[in-house]
Amino acid sequence: MSLEQEIKLQVSQDESLDLEKLDWLMAMSEQPSQRIHLLSTYFDTPDLELKRFGAGLRLRQIGEQWLQTVKCTGQAENGLHQRQEWEHPLTGPEFDKALLMQTELAPLVENPQIWTALAPLFTTEFERLVLPLQLEDGTCIEMAYDRGEVRAGERRSVIHEIELELKQGEIKKVQQLADRLKAALPLQYSDISKAAQGYSVAQVNEK
């Protein structure tokens with residue numbers, strides 16, 4: 001289990017951002033950027049037992065790698081998202097119940113009525129540009145620029161955002177970086193996670 005702390009910034013234009021034009025940002029990166037394709041499927045029961053419980057469950061594919069992730073709803077305010085997270089690598093696209101029993105979802109996993117009712121609810125698919133950043137004081141931040149979509153049935157919703165995740169150091173340094181980015185680019189703080197966005201699309205789809 002880990003505490004995920006990140007600041008989310010929504011891009012308020014359709015065009016892609018050119019981050020390389022920010023020399024001061026590039027100077028913080030001591031490693032090359034990486035582009036990856038992420039496809040995630042989120043699961044819940046027809047009556048949204050997991051959402052009511054305050055947790056989310058997804059399977060994510062990154063190339064040949066599979067990940068099983070549980071996240072608590074946590075809290076989000078002024079773009080800062082803080083929540084408990086359990087993430088485990090898998091050998092394929094099948095949940096590992098033993099590992100899930102070590103997470104916040106354990107009470108639901110051991111309930112056969114809920115477990116057997118789990119089904120895919122929505123998917124997210126996006127390209128991610130990952131930029132590892134290191135500040136002068138040693139603070140480490142992973143910057144992710146995501147562009148893609150959420151899908152539930154025939155409905156779609158755009159993903160176009162930046163996430164700044166604290167890897168080492170103090171969260172106030174992430175806030176300072178977010179403020180600087182917001183001043184330089186068409187960005188707005190967002191309290192809406194990809195999961196929340198997906199649930200909104202999926203519920204609209206059911207009506």
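**Figure 1. A salt bridge between Glu-85 and Lys-71 in the predicted model.** In this predicted model, the side chains of Glu-85 and Lys-71 form a salt bridge, with an N to O distance of 3.5 Å. Glu-85 belongs to strand β6 (residues 80-90) and Lys-71 to strand β4, so the pair ties together parts that lie 14 residues apart in sequence. Is Glu-85 buried or exposed? Its relative accessibility is 11%, and Glu-85 therefore counts as buried. Lys-71 is also buried, with a relative accessible area of 18%; the limit for this class is under 20%.

**Figure 2. The salt bridge between Lys-71 and Glu-4.** Lys-71 also forms a salt bridge with Glu-4, in which the closest N and O atoms are 3.2 Å apart. Lys-71 lies in strand β4 (residues 65-72) and Glu-4 in strand β1, so this pair ties together parts that are 67 residues apart in sequence. Side chains of opposite charge can pair when their charged atoms come close. By the rule applied here, the count for the model comes to 19 salt bridges.

**Figure 3. The surroundings of Glu-4.** Glu-4 is a residue of strand β1, which spans residues 2-11. With a relative accessible area of 5%, Glu-4 is buried. Which side chains make polar contacts with that of Glu-4? One polar contact, of 3.2 Å, joins the side chain of Glu-4 to that of Lys-71, and another, of 2.6 Å, joins the side chains of Glu-4 and Arg-83. Leaving aside residues up to four places away in sequence, Glu-4 touches Lys-71, His-81, Gln-82, Arg-83, Glu-85 and Glu-165.

**Figure 4. The largest pocket.** The space in the largest pocket amounts to about 850 Å³. Its lining consists of 41 residues, and those nearest the centre of the pocket are Glu-4, Arg-58, Lys-71, Arg-83 and Glu-85. Among these residues are both partners of the salt bridge between Glu-85 and Lys-71. Which strand gives the most to the lining of the largest pocket? Strand β3 (residues 55-62) does, with six residues.

**Figure 5. The salt bridge between Asp-146 and Arg-128, and its network.** A salt bridge joins Asp-146 to Arg-128, with 2.7 Å between the closest N and O atoms. The two residues are 18 residues apart and link distant parts of the chain, Asp-146 being in strand β8 (residues 140-152) and Arg-128 in strand β7 (residues 119-134). Both Asp-146 and Arg-128 are buried. Through salt bridges that share partners, Lys-8, Arg-128, Asp-146, Glu-161, Glu-163 and Lys-194 are joined into one network.

**Figure 6. The nonpolar cores.** The largest nonpolar core comprises 31 residues, and Leu-50, Leu-57, Leu-105 and Phe-122 have the most contacts inside it. A second core of 25 residues is separate and includes Leu-131, Val-174, Ala-178 and Leu-181. Beyond residues up to four places away in sequence, the residues touched by Phe-122 include Tyr-42, Val-150, Ala-195, Tyr-199 and Ala-202. Phe-122 also touches the charged residues Arg-151 and Lys-194, and Lys-194 is one of the members of the salt-bridge network of Figure 5.

**Figure 7. The largest cavity.** How many cavities of 30 Å³ or more does a search of the whole structure find? The search finds one, and the largest cavity holds about 40 Å³ of space. The residues that line the largest cavity are Leu-50, Leu-57, Leu-105, Leu-108, Val-109, Ile-114, Trp-115 and Leu-118. Helices α4 (106-109) and α5 (112-115) each supply at least two residues of this lining. Leu-50, Leu-57 and Leu-105 appear both in the lining and among the residues with the most contacts inside the largest nonpolar core.

**Figure 8. Two loop residues with positive phi.** Most residues other than glycine have a negative phi. Leu-48 has a positive phi, near 60°, and is found in the loop between β2 (34-44) and α2 (49-53). Asn-78 also has a positive phi, near 55°, and lies in the loop between β5 (75-77) and β6. Is each of these residues buried or exposed? Leu-48, at 11% relative accessibility, counts as buried, whereas Asn-78, at 54%, counts as exposed.

Terms used
Residues numbered from 1 in each chain as written. Predicted model: local features only at pLDDT ≥ 70, side-chain atom pairs only at ≥ 80, totals over all residues. Heavy atoms only, no water. Core = buried A, V, L, I, M, F, W, Y, C linked by side-chain atoms within 4.5 Å. Buried < 20%, exposed > 50% of the residue type's maximum accessible area, 1.4 Å probe, protein only. Contact = heavy atoms within 4.5 Å. Helix = DSSP H or I, 4+ residues; strand = E, 2+ residues; numbered from the N terminus. Polar contact = N/O pair within 3.5 Å; in protein donor to acceptor, adjacent residues only side chain to side chain. Salt bridge = Lys/Arg side-chain N within 4 Å of Asp/Glu carboxyl O. 1 Å grid on protein atoms, 1.4 Å probe; cavity = no way out; pocket = protein on both sides within 12 Å on 5 of 7 lines; lining within 4 Å. Points joined across faces, edges and corners; volume = space filled by probe spheres on them.
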